[in-house]
Amino acid sequence: MAWEAVIGLECHVQLRTRTKMFCGCPVAYGSEPNTNVCPVCLGLPGALPRTNAAALAFALRLGVALGCTIRAESVFARKNYFYPDMPKNYQITQYERTLCEGGALPLAREGGGRAIALTRIHCEEDAGKSFHPERQGDRRWSRVDLNRAGVPLLELVTEPVLRSPAECAAFLTELRRLVRWLGVSDGDMEKGQLRCDANVSLRPTGSTTLGTKTELKNLNSIKGVERGVAAEIARQTALLDAGERVRQATLLYDADHERLAVMRMKEHAHDYRYFPDPDLPVLRVSEAQRAEATAASPELPWAREARYRDALELPAYDAAVLTESRDLGDYYEACVPPGEPKLASNWVMTEVMRVLKTRDWSVAEWAARVPAPRLRELLARVAARELPGPVAKQVFAWFLEQDGSVAELLERHGVRVAGGDEELLPIVRAVLDENPGPVAQVLAGRDATFGFLVGQAMKKSGGQAVPQVLQRLLREELAARTPRP
Amino acid sequence: MAIDRAEAARIAELARLDLPESELDRVAAQLSQVLDFVARLDELDLEGLEPTAFAPPHAALRADLPDGRTLEPGAATASAPEAEFGYFIVPPVVENLEP
Amino acid sequence: MSGPAPWRLSAREVAAAVRDGSLSPGDAADAGFAGPGARFEGEVHALLASDASARKAAAARVPRDGVLAGVPVLLKDNLCTVDHPTTCGSRILEGWRSPYDATVVRRLREAGAVVVGKGNMDEFAMGSSTEWSAFGPTRNPYDPSRVPGGSSGGPAAAVAYGLVPVALGSDTGGSVRQPAAFCGVYGLKPTYGRLSRYGLVAFGSSLDQVGVFARHVGDVAEVYRAVAGSDPFDASMLEGPAPDVSGWAAGVRGLRFGWPANLWREGVDGAIVAALERAASWLERAGATRVPFEFLPGAFAVAAYYLLATAEASSNLARFDGVRYGLRMRSDELATLYTRTRGAGFGPEVRRRILLGTYALSAGYHDAFYLKAQRARTRIAHEYAAAFARCDWMLMPVTPSLPFRLGEKTADPLAMYLSDVFTIGANLAGIPGLSVPMGLEASGLPVSVQLVGPADAEPVLLRAARALEAEGDERNIPPGHEKEFAWPGKR
Ligand SMILES: [Zn+2]
């Protein structure tokens, strides 16, 4: 029998606020253990939470971008369970009345624009970290660091509508681009700023009922999601093909060994005893706040990608690369000379991105060194055929180290661009006069020899002529020398 | 509403409370007695009433700024029963795995 | 200085003496310990911790111009303090030192008050007799065979016998008003959201409120003024400034008090009914009008309360797990570390309530118990609102009985719970209640009445309490029951 996978994802997005969800401790990665903690996030007796306004603003930004329904009143609830990285042994989260409901994330690049429906997005606090057990003789223990406890998270839950591991990977890639685009998260999966669990079930292809699902945890890279989900689909397929049943289970994906392990669960393990947190008021979002978030919503990455493709007529590949981040897209747009989107795309995708890579710079760092108008001036002169390629690349290299406009840099380095017809015409004529043989060949229709004449002219100009201009002048002069029939 | 021994044991496990076997029956009986008393809420007319989760406050949210409460290094683990190198130490936290 | 011993002074008199330099904060703080403390503390056991060096250090730092300059205060041991341990009367927190002061404690210190120690309490404020303290019970200063009430029994007893003029407790279902009544002092449970809960170790978060004990109405007002008001660290507080209580002596002429006599038609001690009648007649003499009406019996409130408070408590007390602070029972396994630590660290009443609350919230019972109790809470709040449309406050008992004997109710949890039948309603409705001593009854036990008002009615409750205080005198102490610490009200 052919099986079809039904997959739902639960993604956790760590918000890039300055302080934690319910206290003023810094949100920082890599600090000494248990140094970014206070009575609140340590769960000390008597401490009380208070909600971070920036976390709500970020949540609204994401909710608006995804077209969610924003609740005017949502409720923080306590999810009760014991775990050493949860200081209060309950997590403050949202349960029945969550901040955002519905919405969808469009996957523009996969299969022609499928939108993945969302169930909800809600705010919650992160847990700390407990580390793998250590051992010394008979003694075994784990270490617990609560620096991450209380960091604001958004949990985003999809409907069970994803169909393949590749689609899961595409979803996460798009979600990562979006949260970075909106500035709500750094989305670094290695640092746990974006995490993902998957619910996977199989059903006979074409069926509309849902099979028994398993929960897959620990998918902490996009590759891991793709491989983990694929492994679980394979495992369930093998079970079903052998006539066995899939048992409800929680599995861990071990990315290092590319294998799944089933977590044993005690009975009653999932009685979370949710109830509204009496320490926190109802989370209110006014009509004005909602309108403000909507008005402030930027052009979204998939919309911009489509615009680059359709209005700027960039190849799909260019459009995707240039919208990888909002900074890059914004920079790109700011350096397009009139009517030359592709020229700018070529330069940004090759020259600029090469520098970003070799110097490990962010777009912002690059833009601080070479503001977009500076690059645009250079590209405008290239577009106007005023600069030969090698000279343009040389100017680009000087941009990195030196200040000054294109003209100033050329002047400073004594580079004279022979650009004008008056300047080049004598050179062209001299080349034609000095090379009667090749000229005769070209005139006889042997176009391959034309390149030789261009080379000679370029040489005579000292490499400072713009090749296109030389070519035009040569053609015009040759035409003038063509014997009339 | 009667709570039996097994139910008392289940709740105790959920609450992570060690209850000696000898106490289970007594606790079950006491809880049952309280629940019988609580059943009188059925006599109240609650038609159309919204639940009160808490007194309705209107507190503004907190600005995303440090509030001076972050503890000095070392203070967090100072009163911990067991700590080492700045970490809290607990018995091994292991996911129960089946291969 | 001449005049009465410092420990007999009101808080306002102590502050005035410290401000004018006639009394040093150190002497003011020591007076209660050297005088009545030496005579009664051994028997009463109101104190859990009292570090003389911490007391001296605190006295040395007092701002001499504060409204409570040099006033010694005792804090219930569930208010976090940096200079004394905070145990909540529990083994699980034995010896724990908070790295921070509760907001109300910080405000007291800023006003000049000297924290002299921590008062005994039922473990995690769960109890009505202070017999559930892990560190031994407190006894009633008027009759050591009887309980001081609870859960704030230590602070109430200490104020009663003269160790301190004022103290702070906490009131989740009557834990300030009931011990105040049993010990014959004033006990105010303010409007929910007017006193910060930051640093008050939570029992039932939506019901808990810090409360004030004092021997004089004016002292209640002064302490309330010093500690009330919004706190950025507590998101459950009301907006705007706390009500102004400076007019506490303004009288009650023209005001109306509710008289829900159906509540004490049966099951209430005759001495308490007599005290209610006496209080009503004094209030009428002072110009107030009695408005009789029927009111919803308190048993419904008790029923809703024991589901809601325990549900919240089961979650609030989950943090005591032996990992970050407090008691830890050794174990090689995480699961048993939790169960052993909590099993050994919590006493029987706390365990019972955690189990009840866990049950009320657990899958399958949530709607039948927790949700229903929440809706009952709404109904009860509506009942109060309807009553306060007809009067400015209600006069009612604090407790159905006079102080009971140690051991009388510990074996019967429900009987103990029902001793809060008149106090719990105010917690459910988030409204203020004030316990007012009416002197001693024939056998020498304190007898009190309760004033309950709508939200932010503290100024009115204090005015009514002052009207009663002004009427009381030596005639309210029966011959043969004079105590050196028993005050006639007038002052
Ligand atoms: Zn913190």
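Student: What makes the largest nonpolar core a core, and which residues have the most contacts inside it?

Tutor: In this predicted model, the largest nonpolar core has 217 residues, and those with the most contacts inside it are Phe124(C), Leu283(C), Trp393(C), Leu395(C) and Leu451(C). The term applies because such residues are buried and joined through side-chain atoms within 4.5 Å.

Student: Which helix gives the most to this core?

Tutor: Helix α9 of chain C, residues 299-316, gives the most, with 13 residues.

Student: What does Leu395(C) touch beyond residues up to four places away in sequence?

Tutor: Its partners include Phe257(C), Trp259(C), Trp264(C), Leu276(C), Leu283(C), Val449(C) and Leu451(C). Leu283(C) and Leu451(C) are also listed with Leu395(C) among the residues with the most contacts inside the core.

Student: Which residues belong to the second, separate core?

Tutor: That core has 66 residues, including Leu99(A), Leu202(A), Leu251(A) and Tyr253(A).

Student: Why is the site of the zinc ion called tetrahedral?

Tutor: The zinc ion is coordinated by the SG atoms of Cys23(A), Cys25(A), Cys38(A) and Cys41(A), at 2.3 to 2.4 Å. The cut-off for a donor is 2.8 Å, so these sulfur atoms qualify. The angles among the four donor atoms are 99 to 118 degrees. Four donors count as tetrahedral if all angles lie between 85 and 135 degrees, so the site meets the criterion.

Student: What spacing do the donors of the zinc ion follow along the chain?

Tutor: The spacing is C-x1-C-x12-C-x2-C. Cys23(A) and Cys38(A) both lie in the loop between β1 (3-14) and α1 (53-65) of chain A, so the pair ties together parts that are 15 residues apart in sequence.

Student: Are Cys23(A) and Cys38(A) buried or exposed?

Tutor: Buried means under 20% relative accessible area. Cys23(A) is at 1%, so Cys23(A) counts as buried, and Cys38(A), at 0%, is buried too.

Student: Why is α1(B) called roughly perpendicular to α2(B)?

Tutor: The axes of α1 (residues 5-14) and α2 (residues 21-38) of chain B come within 9 Å and cross at roughly 105 degrees. Angles of 65 to 115 degrees count as roughly perpendicular, so the term fits α1(B) and α2(B). Where they meet, Arg5(B), Ala8(B) and Ala9(B) in α1(B) face Glu21(B), Leu24(B), Asp25(B) and Ala28(B) in α2(B).

Student: How do you know that Arg351(C) counts as buried?

Tutor: The relative accessibility of Arg351(C) is 10%, and the limit for buried is under 20%, so the label follows. Arg351(C) sits in helix α11 of chain C, residues 348-361. Leaving aside neighbours within four places in sequence, Arg351(C) is in contact with Leu17(B), Leu19(B) and Glu23(B) of chain B, and with Gly343(C) and Phe346(C) of chain C.

Student: What makes Ser79(B) partly exposed?

Tutor: Partly exposed covers values between the 20% and 50% limits, and Ser79(B) has a relative accessible area of 30%, so the term applies. Ser79(B) lies in the loop between α3 (75-78) and β1 (83-84) of chain B. Beyond its neighbours within four places in sequence, Ser79(B) is in contact with Trp96(C), Arg324(C), Tyr325(C) and Gly326(C).

Student: Why does Arg97(A) count as partly exposed?

Tutor: At 36% relative accessibility, Arg97(A) falls between those limits, so it is neither buried nor exposed. Arg97(A) is found in the loop between β5 (90-94) and β6 (100-101) of chain A. Arg97(A) and Arg71(A) are 26 residues apart in sequence and 7.9 Å apart in space, C-alpha to C-alpha.

Notes: Residues are numbered from 1 along each chain as its sequence is written. Chains are lettered from A and ligands numbered from 1 in the order in which they are written. This is a predicted model: local features need pLDDT of at least 70, side-chain atom pairs count only at pLDDT 80 or more; totals for chains, interfaces and linings use all residues. Side-chain values use heavy atoms; hydrogens and water are left out. Donors are N, O and S atoms within 2.8 Å of the metal (3.2 Å for Na, K and Ca); water is not among the atoms, so sites may look incomplete. Four donors count as tetrahedral if all angles lie between 85 and 135 degrees; four count as square planar and six as octahedral if opposite donors are over 155 degrees apart and all others between 65 and 115; anything else is irregular. Helices (H or I, at least four residues) and strands (E, at least two) are DSSP runs, numbered from the N terminus. Buried means under 20% relative accessible area, exposed over 50%, partly exposed in between (1.4 Å probe, protein chains only). Contact means heavy atoms within 4.5 Å. Axes are lines fitted to C-alpha atoms, for helices over the stretch in contact, and angles run from 0 to 180 degrees between N-to-C directions. Angles under 35 degrees count as roughly parallel, over 145 as roughly antiparallel, 65 to 115 as roughly perpendicular and the rest as oblique.
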